[in-house]
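Please walk me through this model in the viewer, one selection at a time. For each stop, say what to select and what is there.

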Amino acid sequence: MHRIGLQTARHRFHAYIEICDGAAVVDVYRMIQYDFRGTPFGSRRAAVNHHAISGLSMPGSDLSRTVLILPIDKVHVILLNEYLQSKKMLGGLLLILPRNFDNGGKSSSESDSEDANGDGTADVAALEQWLMHNNIPYPVYFAFSDDRVNGFLKDVQVNDAAGRPATASTGGYKLVVSASDAKKIASASFTNIQGWLWGLRGEVDVAGLPTIAVVASYDTFGAAPALAVGSDSNGSGVVALLELARLFSRLYANTKTRAPYNLLFGLTSAGPYNYNGTASWLRGFDQRVRENIDYALCLNSIGNSDKIWLHVSKPPDNPVIKEIHENIAALARDLGVTIEVRRKKINISNSRVALEHEHFSRNRITAATISELETTPDLLDPLGGIADRRSNVNDTVVARNIKLIAETLAKHIYGLDGKNVEVFADGSSFAVSPDYVKLWLDLLSRTPRVAPFLGKNGPIIVALQKELAVYTSDVGVQNDNLDGSFLFYDTIQAQLSIYQVASVTFDLFIMIAVGFYLGILFVILVITTKGFDDLVGAFKRPASRKLKSN
Amino acid sequence: MTLFHFFNCAALTFGPHAVYYKATPLSEYDTAGSSIKAAIVYLGTTLIKLVCLATFLQGTETEGFDFSQEVLKALIGFLDVAGLYFALTQLTYRNISQTHKFQAVGLGWAFADSVVHRLAPLWFGARDLEFTWDYLLKGLESNANLVFTVSLAALGSLMWLRKNKPAALVPFIYASAGLVATMPSITSYLLRGLHWDLSKVVGFELAASLVVAFVTWRLYSACQRPS
């Protein structure tokens with residue numbers, strides 16, 4: 001009979017919820033889309049409305065109308081590249097990252113399908129590299145695997161293997177992302193943060209004291225802006241800078257241990273784009289500040305290796321460079337780290353700035369970059385990004401490098417040359433804090449930091465600013481826009497709806513079945529209520545009319 | 001092609017009513033007016049029921065089967081019976097025989113019920129991309145509903161319109177009418193209390209509708225004999 005009013009209303013509402021639950025909705029992260037000097041790169045489309053398929057060569061499928069779903073460990077970059085270069089169109093690409101991607105994809109429950117940690121990272125880096133440097137005319141999304149996604153992927157694979165790929169006529173899974181094409185980000189901004197530790201003013205005004213700058217860029221670049229965390233490049237540098245600020249602020253808190261040097265800490269942004277942020281930051285410097293900087297140390301990727309390089313622009317026999325190198329080398333030996341100098345002359349006519357210290361050098365400030373990178377990276381080299389996850393950084397290495405840099409600085413500013421003093425001895429109250437290092441590495445590895453998408457006051461920027469304000473004074477923030485060579489597009493995250501669609505054949509079958517049922521019902525009712533003759537009579541009349549018209 | 005699916009489900013939900021009208025002598029005697037009157041009475045009854053529910057029912061949104069609430073809902077459900085009584089007895093019809101009267105009333109009532117309860121969900125839900133069996137099942141449910149309504153109308157006409165009934169059958173008539181009237185509560189209990197699947201519940205409804213139809217037919221023909 002009929003359901004009672006309120007119950008029906010509730011049931012109807014319940015039915016709406018059921019409808020929404022029927023389709024699975026998954027968070028997906030879009031690949032980056034950018035123009036470099038007018039040339040388009042990255043994924044140029046955002047909307048998806050196609051059936052799903054699990055491989056490039058499935059018989060009976062029209063790939064330009066399907067979305068290819070690949071778990072990361074099944075990606076063959078060469079095949080994808082071949083497909084792209086042959087100008088064949090794809091409906092879309094969905095890449096599935098393992099659930100515990102941050103921890104190198106290892107988890108106690110997933111032991112069968114994960115590659116060895118090293119291989120896994122290499123594949124992602126190669127994939128990222130290919131994605132970032134190509135113009136891909138179809139939408140590309142990343143998603144994390146979970147039970148629903150795995151189940152649905154398995155279904156698609158089974159259907160494909162059985163020779164029934166999903167198409168409009170056979171039904172199957174349909175993926176929909178309802179997003180309009182991405183728009184350009186009109187003014188991509190970045191934010192530089194700086195803080196001062198003022199030295200001991202003697203007869204000289206504090207501003208007249210010599211300054212040492214410690215700089216690190218905090219942003220990264222990757223294939224998906226919502227996922228690119230760059231734990232080593234340059235999370236390790238940021239953590240080192242913060243810890244140095246913390247340690248020296250403790251020393252500077254007491255006038256007895258305050259050195260006659262100012263320490264300037266700079267967290268710069270827009271690093272991957274020729275260190276645009278650093279250039280802008282330096283442009284804002286007062287002439288006096290600029291003249292008083294003895295030297296600047298730029299920290300970049302110091303979390304992974306026992307061998308680090310001191311990249312410089314000035315010749316190594318320059319007295320300042322020589323002193324830094326000798327100090328740091330002596331200390332490095334004690335800590336088990338190898339350090340070498342690498343010099344690259346700057347070319348003013350070339351706008352490419354591969355390492356941060358070059359901007360200082362162009363402004364005639366002596367500077368060096370401390371990094372585990374041996375060669376200067378090319379523009380948008382695979383540094384940082386998605387592949388650079390938490391497991392890529394070694395806490396001990398970072399802590400050791402922090403100690404190395406701290407002791408080197410202390411030696412210089414306290415004039416400890418020749419004296420065998422260990423300022424930041426392990427176990428002392430000035431030791432490098434492993435907990436602090438871990439805490440910030442964890443946080444940075446969880447926070448995607450692609451500058452154009454952080455906005456002026458993204459949470460991580462505020463957090464870094466606040467942290468620097470705890471240990472330094474006169475914390476300043478500088479906003480600026482990226483120069484015109486890079487143009488970014490928005491839509492970095494979306495929701496993917498996975499529908500299970502019935503094929504047209506099924507609908508036809510249902511139509512025939514319902515028609516048949518209604519026909520049978522008609523016949524039965526006529527026979528039982530009016531009698532068989534009437535039924536026959538119902539069919540006879542049109543026939544006789546036909547005869548008459550003939 | 002989900003509009004296709006919508007048409008399929010709509011055909012399954014509303015088709016039988018049209019077929020019933022066309023196939024049986026109802027169309028010959030042009031009882032459309034009676035059916036429409038019955039549909040209007042249905043709408044009025046539903047309105048009164050909604051008001052009663054809103055007044056007396058507590059707004060608990062629990063998913064489970066609350067016995068006292070369901071009893072209250074069943075009592076309010078008997079308003080349906082009152083509505084049918086009103087439709088059968090109070091409205092004036094053109095001179096149609098009793099058999100056709102209850103069929104026309106039952107048909108109009110069931111059609112209005114299907115439209116009110118199933119058209120909107122069907123329109124908004126069946127056109128979705130995601131395929132579920134729900135709408136086809138609801139269509140089958142509408143079929144069962146039609147049988148239940150016509151049976152209840154038949155029993156109602158026996159109870160209120162026919163004056164001479166064999167005494168032995170009277171308790172059966174009232175019992176069957178009571179059973180059919182409480183059918184919504186029973187299905188609700190199956191769905192919520194026992195947590196049956198929708199397909200199972202619809203299967204139960206279809207089977208029950210056939211049983212009820214058979215019983216009603218027997219009772220009706222048994223009451224025909226004296227006159």
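Two strands count as paired here if DSSP finds at least two bridges between them. Helices (H or I, at least four residues) and strands (E, at least two) are DSSP runs, numbered from the N terminus. This is a predicted model, in which local features need pLDDT of at least 70 and side-chain atom pairs count only at pLDDT 80 or more, while totals for chains, interfaces and linings use all residues. Residues are numbered from 1 along each chain as its sequence is written, chains are lettered from A and ligands numbered from 1 in the order in which they are written, and side-chain values use heavy atoms, with hydrogens and water left out.

**Strand β6 and its neighbours**

Select residues 92-97 of chain A, which form strand β6. Six of the six residues are buried (under 20% relative accessible area; exposed is over 50%, partly exposed in between; 1.4 Å probe, protein chains only), so the strand is largely enclosed by the rest of the structure. In a regular strand the side chains alternate between the two faces of the sheet. Here Gly92(A), Leu94(A) and Ile96(A) point one way, and Leu93(A), Leu95(A) and Leu97(A) the other way.

Add residues 140-144 of chain A, strand β8, which runs parallel to β6(A) and is joined to it by five bridges. Leu95(A) has Phe142(A) as its bridge partner in β8(A).

Now add residues 66-71 of chain A, strand β5, which also pairs with β6(A) in the parallel sense, over five bridges. The bridge partner of Leu68(A) in β6(A) is Leu93(A). From β5(A) the chain passes through helix α2 (residues 77-85) of chain A to reach β6(A), and this β-α-β crossover is right-handed (with the strands pointing away from the viewer, the path from the first strand over the helix to the second runs clockwise).

**Helix α2**

Which residues of α2(A) are buried? They are Val77(A), Leu80(A), Tyr83(A) and Leu84(A). Look down the axis of α2(A): these buried residues fall within an arc of 125°, so they line one face of the helix; the arc is that of the directions from the helix axis to the C-beta atoms. On the face turned away from the buried side are the exposed residues Ile78(A) and Glu82(A). After the helix comes Lys87(A), whose phi is positive, near 60°.

**Salt bridges**

Over all chains the structure holds 16 salt bridges, each a side-chain nitrogen of Lys or Arg within 4 Å of a carboxyl oxygen of Asp or Glu.

Select Arg148(A) and Asp146(A), which form one of them at 3.7 Å, N to O. Arg148(A) is partly exposed at 43% relative accessibility, and Asp146(A) is partly exposed at 24%.

Next select Arg390(A) and Asp442(A), a salt bridge at 2.6 Å, N to O. Arg390(A) lies in the loop between β16 (367-371) and α10 (395-413) of chain A, and Asp442(A) in helix α11 (residues 434-446) of chain A, so the pair ties together parts that are 52 residues apart in sequence. Arg390(A) is buried at 13% relative accessibility, whereas Asp442(A) is partly exposed at 21%.

Add Lys438(A), which meets Asp442(A) in a salt bridge at 2.9 Å, N to O. Lys438(A) and Asp442(A) are four residues apart in helix α11 of chain A, and therefore separated by about one helical turn. Salt bridges with shared partners join Arg390(A), Asp395(A), Lys438(A) and Asp442(A) into one network.
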